[in-house]
Amino acid sequence: MVNPIYIIILSLAAGFLLSIFDKSGRKLSLIVFYSVLTFNVFVIADWFYRFTVLGVSTLTINTAGFSAPLSINLQLGIQEAFVLLFANLTGLLAAIYLIKKFKESNISSLVLYLILIMGVNGLVMTRDLFNMFVFLEILSISTFALTILTKNKKSLSAGFKYMIAGGVASTFFLLGVVFVYYFTGNLNLDFINPSDFTNYGLIAIFLLSIAVFIELKPFPANGWALDVYESVNSGITSVIAVVNSAAIIFVFYKIMPLLPQNLLNIFGIAGVVTFFFSNLMGLKQTNAKRLLGYSSIGQMGLLVASIIYTIHSPNKLIYLIVGGFFTNHLIAKAGLFWITGIVKKEKIKDWGILKENKFLLILFGLLLFALSGIPPFPGFWAKWEFIKLLVHGKMFFVVGGILLGSLFEIVFLFRWFTIAVKGEVPSENPKISFEFSKYFSTTIFVGITLTISVVIMKYFYDFNWFQFLPLIAVVVLYFLDFIPSKIKGFLSLIAVGIYGYFLYPFESNLQLFFGIIFIVGSAINIIATLNRKNINKGFYGFLLMMIFSFGNLLIAKSYLEFFLAWEFMTISSFVLILRGKKAQKASLLYIIFSTAGAYLMMIGFSLAPNLTSNSALIIAISNINLPILVTVLLAIGFMIKSGSLGVHIWLPEAHAEAESDVSPFISAILLKAGVFGLFMVGISYINHVPAFDMFYWIGWIGVLTAIVGAFLASFQEDAKRLLAYSSMSQVGYIVASIAILSHLGWLSALYLSFNHMMFKSALFIAIAGVYYRTHTRTMYEMGGLIKKMPLSFISVLIGIIAVSGVPPLSGFGAKWLIYSSFIERGWYLQAGVLFFASAVSFLYLYRLIHTIFLGQLKYEHQNVKEAPIWFLIPQVIFMVGIMAISMYPNLIIQPLNSIVGNYFNSSIIVDGYNITSSLGNWNGNMIMFVTMGIFVVPLIILVLLNGRTQTVKQFNIVYAAERPESPQTTHIAYNMFAHYRKALGGWGKPRIWNFWHETNEWAHSLSGLFRQIYTGNGQTYILHIILYIVVIYFIMGV
Amino acid sequence: MIKKILIIFAMLGLFIVFLPLITNFEFSQNLSELASKYVRGSVDELNSQNVVTSVIVTYRGLDTLGEVTVLFLATAGIGFLLKKKNKKSKKRVASEILQTASSFLVALIVLLGVYIFTHGHLTPGGGFQGGVIIATAFLLLLLSDVNMKFNHTILQVVESFSGAFYVVIGIIGLVLTVGFLNSKIIPLGEYGTLFSAGTIPIIYSLIGLKVGSELTNILDTMRGE
Amino acid sequence: MIVALILGFALLLIGIYGMLSQKNLIKIVIGFSIADTGTHIIIVSIGYLRNRTAPILNSAVDISKAVQQVVDPIPSALVLTAIVIGLAVTALMLSFVVELYKKRQSLSIDDYQELKW
């Protein structure tokens, strides 16, 4: 137990003597320097341990032998210890990071650094206002001087701007302090009575607080800070962004009890405004460090807002929210600044170089995820609880500002991430140099943030190991990553099996049904991934993470558990999509839309009434009367995930650009998560029907999705894009059927979901096989593959028959059920549109099979072989499945009937092979035989007539005359349905895509517009500060 | 133009912010409770004539330590920023009057400085004032002799050790468990004499030395430019 | 001493105006220095009590009635610290200006805006 005042004493003594020590060599001074910094960390860590674990009460340290108002006193409690632990630790690690610099540089830099850290300790602990001013100046002056640790024109001018801005702020602070003394006769925070600030006495408190607030870099009075972040040495920047900010935010926290409520409200709003605009302006930023600067400033705004708005909450919540934002932001920011110092690339577009250094890339990714508030990092929990709190307080504008700001942040952070993973390696290419000290600090910080994440999950929320599983999967497979891919694939298969075993006894059959889609479907699809060669780093980890989070969705018992699994699913699928060769843009679109959806869901869950039972959410929700706003928000969130019209534009990109054995997961299974969510909303809805018939509109959206998806699919040249749009269209059917809210409707939705899982998996895997052999996805470059890949052909044939809904396969049953349910409900127009959509789907299905497998074999495909065995196995399994439920539909209809029977009274009678609804009956078995009969007769005739057929030699047509420049475009399959497109006229324009494109452009131009205020002129920045003070004063109004 | 208007607007705004502070200002009739305690305590507890000094060195000693640190930081920062150059700059040689006067005055000025910081607890003055005065002596030297070079080692030793001793005196209080920077760790002496008020004169002397050497250092560094 | 208070605020405003309107880096620093000085004058004038003497309890003051006879020592103590800090900041600012000038041979603040947006 060491008196914390020794931190100040020792740092000062060492600081004073360091230049003497240096006379006997830098080694000695470095030893002293690092020992003192380490000493600080240990002292505070010891106290932190005492406060948190042993429950020691707050420590007050008097100086000069007098007690508080007479002398200056310091205070160390749990909050101070927490902040200081971080500040000192960051200080130490940043110093380690800078060790090379400190070895070479003037001794003064060590002195300045040491005293800077001392200043932070003093600033946090002191309870005296004027003493705060002194420590603030110590902190500022040492920082000013250290901004030129790497001395160049930029850092000098940034440093100067920083100085004059800091100078103005501290002048106001000083003025505030003395007027506080004038009005209260006291300088000690513990003895100042806020009620002494009557009337114009408030000006004193205003001056004091606005000065601190300016130091917190509010928008728009923060241009100087951005320049500093951009130009100063990364190590020092991390100190400014983390250590200094932590101390100043704590000063703000300390003076908060003095502030009147209306001023606090203004600061809260100002914080949110800062958060919003910083992130908006970050959109346009191309310089890595300046971007971090924007993000840093924004996060500080958020932190201020969170402190202000949580002030009346229980302690535990404050720790979670404020502590969460605090640690999350500071750790991630320091780590990212350090990485910019390692990578040494100013422009974000050059960050493709990072992929040559996998370890650094992982660190970068983790920190970036942490910064974006993705689980399990502290920022996620903080955001979740904070939004909940704000929503309960009905502060919807604040919520909107925060979430929209976060979305902007997601855009630029993930754009950066995708560039790092997929971007081009810059041509002039100095390798990333290895410096142990820099890696060391960064790694420690990543470790700490992960530890905190686990602590939060374990101790704040008491999650069990099942919720951890997605994370465990990634970690375990990270350590097994050296094993060859095939073995990992088998292990994953086993893991999924075991997981399914533990998951199995479900509380309801609906869960079981989706469990089969999610888990069994995934397991079969894993077989296709066994075809992978080599090591495939990271693939199985994230695959398992995704599969486990599917399962966790089913058994989630609370909104948070559900949302957690949902976010795990999103992030893992994002990483999987990003693995695709050209998936940079696709994955970015995916994560942006997913996050937007997730935010809507977050608001929705926050508004939802508390659960009353301890069952899984999907069951418990039936007793919950969700307000209409919640239903709408949740429904939009889920529909984004299922690719409904309007928010579908991520879907084709993601499906097409993902690796070909990942696409089946995305399409056949991931989309069903959205469907599952819609069912959840529906279950609450049917038990508490609100006045506004939301599902009527969802029904329309589903129907339109179905038809638009079908049309778009017909116009694709790329086989995977075609299948992607087909998925969109099919899920449109499902959504529309759910929206019917009747027994038959839900039955068809479930039936189609199951069906779609099977045939879309089979189709995507078949195309994966084709792509694997031909290396092209462009259909008109293929043809005649039927002879080379007959099994794949059969698989596609069965698949498309199942999709199209012609007899005899299962798709027919699905269509029959859907039309029946629509007609039963009286949605005739919708039924008509759907019918038309299935006609359109013939177009693309025909195109798919015709172009790839029929016609002439291309010259370059003469030596193509059948798809590898690992692709064929799952296809066969799915084909058997499709055939089975086609022949014996009651294999599936029977159980589905009982599942839906839990929600609606049954409207069909299942009798043997015959299924009767109010509109007629369907006998799958009989249809199968009849169709086969119809098929066999012409077959026999054709076989008999076979002698008369004549084979045409390949390229007959092309060589008959002049050879066109690109012969492939003369192929019939090229732009096959151009005439239909023409017929569509104006309807064929990509309006929705254009809409989002324009939105994006607008956001970026706004970003460009707003950031014009940062003219780079130091004087303008001062003007901003003065105007800011004046404006806030007038808003406050005395 | 827009900028000019904005500046005027900003200044007007600031004026309005400050106006109530001026118009409503009234002088207090009595010392605040805290100030009264200081006035009494300076005599009763610390045995020091100069109340301001008592407040600075003892009651708010931590501030003063910080203040010393700030000055020290500025020295370090300036040293860090302006690297010394040894190139001879062509400067005009000082006039004879200045040269003669300075050789005569320097010792006196230093003496005055020493007097002021050792009597900080008795008279208006103290370590900072004394230190500044000492530095002016060296400024005079610099002005009168363009090639004047100070012995940096001595400056540095004085600067470092005076600071370190200051801290050590503070620690003694801690060790004796009477509080960091307590000035009553040595006998308080007789009121109104040089050796009174405990460690106050010692601390002020150390501050004087430190400030003097630091400012000299700054002057010397800046001259190099 | 209300005059001093007004003077202090006037200096503060003048200094800030100087910082906002002068292009020359050195003049900006001078502006800061003026504003700083203004603040110091304000501090001192706050501690003033009518018809009282300095808080130095020598023979000029009746020690037993000192509380009724001296001005507030606290602002005086504060201002001393504030002055030293102001000096330190000003000195550091000036050395920045020197370095900036060495790099680009210009003292106009408009020449140092390559960092922006």
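Let's start with a small open sheet in chain A: three strands in the order 3-4-5, paired in the antiparallel sense. Strands pair here if DSSP finds at least two bridges between them, and helices (H or I, at least four residues) and strands (E, at least two) are DSSP runs numbered from the N terminus. This is a predicted model, in which local features need pLDDT of at least 70, side-chain atom pairs count only at pLDDT 80 or more, and totals for chains, interfaces and linings use all residues. Residues are numbered from 1 along each chain as its sequence is written, while chains are lettered from A and ligands numbered from 1 in the order in which they are written.

Back to the sheet. Its edges are strand 3 (909-911) and strand 5 (920-923) of chain A, each pairing on one side only. On average, neighbouring strands are turned by 20 degrees against each other, direction ignored; axes are lines fitted to C-alpha atoms, for helices over the stretch in contact, and angles run from 0 to 180 degrees between N-to-C directions. In general, strands of a sheet pair through backbone hydrogen bonds, either parallel or antiparallel.

Now follow the chain through it. Strand 3 of chain A is joined by three bridges to strand 4 (residues 914-917) of chain A. Asp911(A) has Asn914(A) as its bridge partner, and Val910(A) stands opposite Ile915(A). These two strands form a hairpin with two residues between them, and Gly912(A) in the turn has a positive phi of about 60 degrees. Another hairpin, again through two residues, leads from strand 4 to strand 5 of chain A. That antiparallel pair has four bridges, and in it Thr916(A) stands opposite Asn921(A).

Elsewhere in chain A, take a look at Ile387(A), which lies in helix 15 (residues 378-392). Is Ile387(A) buried or exposed? Ile387(A) is buried because 23 other C-beta atoms lie within 10 Å; the cut-offs are 20 or more for buried, 12 or fewer for exposed, and partly exposed in between, with C-beta atoms placed from the backbone. Leaving out residues up to four places away in sequence, Ile387(A) touches Val399(A), Met602(A), Ile603(A) and Ser606(A), where contact means C-beta atoms, placed from the backbone, within 7 Å.

Next, where chains meet. Between chains A and B, 46 residues of chain A are in contact with 49 residues of chain B. Helix 4 of chain B brings the largest share of the chain B side, 16 residues. That side divides into 26 nonpolar, 17 polar and six charged residues (Ala, Val, Leu, Ile, Met, Phe, Trp, Tyr, Cys and Pro count as nonpolar, Asp, Glu, Lys and Arg as charged, and the others, Gly among them, as polar).

One place to zoom in is helix 40 (residues 1018-1036) of chain A with helix 1 of chain B, whose axes come within 9 Å and cross at roughly 45 degrees. The two helices are therefore oblique to each other, since angles under 35 degrees count as roughly parallel, over 145 as roughly antiparallel, 65 to 115 as roughly perpendicular and the rest as oblique. Among the residues making this contact are Leu1023(A) and Tyr1033(A) from helix 40 and Leu6(B) and Gly13(B) from helix 1. The contact residues divide into 10 nonpolar, one polar and no charged.

Chain B also meets chain C, with 45 residues from chain B and 37 from chain C. Helix 4 of chain C gives the most to the chain C side, 15 residues.

Conventions. Contact = placed C-beta atoms within 7 Å.
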